[in-house]
Amino acid sequence: MKALMVSMLAMVSLAAHAQRTDAVEKLLELGKDSVVRLAIARLGEAGFADIAPDQFDWLKVQTDGHDVRVIFDRSIQYFPMNTFVVHTATVELVSTAVGWMPYGEPKDPFAPIHLYEYTAADREVIAMVLSVQDWQHDEIALMIAEENDSYLITESTGSGETVYRWHKTSGALSEEGHGEFAPDDFDDGFREVDWEKIKTSNK
């Protein structure tokens, strides 16, 4: 999932371990909460509506020294059939670039973009998928896409992805494929911000 967001943005860092620019330093000195608020404001400018940090269980701030990236993400994403869905968004505050991962076609392409809100029926599907087998891994991400007679489940970890098909009628779960990530497959130089280190350096 994180890999997909990076490929959506199609951005490459100029220098993975360069010194931070003045613009990045000023942003990081504001602290994480303020940086996230700025990113939400930028999403609003880009057409998003009613975005709040508590809608995401994966919210990360990264930098490559030239920009500050805020990733709004969900570890479990469900995609019902025939529905326009947005679960994730990414903002880069220096370049002001905004990326998101849409699924399906919006009824009105000019309407504000809303994060998909799960219905009670959606939550039942997610609960059933979670009960099928033990999905517990570090940094696991599950993407569940509804099809006519089954659900396609993509389990992503830091090292690779496995795709399963869970059949609606029989309840059978089968593995469709597996792929490993090379260590630098999606490395664009951005790293998680160490806020404790920033606090120390500002004293």
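Reader: Which residue in S10 is the bridge partner of Ile153?
Author: The model is predicted, so local features need pLDDT of at least 70, side-chain atom pairs count only at pLDDT 80 or more, and totals for chains, interfaces and linings use all residues. Residues are numbered from 1 along each chain as its sequence is written, and side-chain values use heavy atoms, with hydrogens and water left out. Strand S9 (residues 150–156) and strand S10 (residues 160–167) pair in the antiparallel sense over seven bridges (pairing takes at least two DSSP bridges; strands are E runs of at least two residues, helices H or I runs of at least four, numbered from the N terminus). In S10, Ile153 has as its bridge partner Tyr164.

Reader: Which strands stand at the edges of the sheet?
Author: The sheet is open, has mixed pairing and runs S4-S8-S9-S10-S11. Each edge strand has a single partner, so one side of it is left without a neighbour in the sheet; these are S4 (76–79) and S11 (173–180).

Reader: What arc do the buried residues of H4 cover around the axis?
Author: H4's buried residues (under 20% relative accessible area with a 1.4 Å probe, protein chains only; over 50% is exposed, in between partly exposed) are Asp122, Val125, Ile126 and Val129. They sit on the same side of H4, because their arc (taken over directions from the helix axis to the C-beta atoms) is only 95 degrees.

Reader: Which residues are exposed on the other side of H4?
Author: The buried residues of H4 pack against S4, S8, S9 and S10 (contact is heavy atoms within 4.5 Å). Exposed on the other side are Ala120, Arg123, Glu124 and Ser131.
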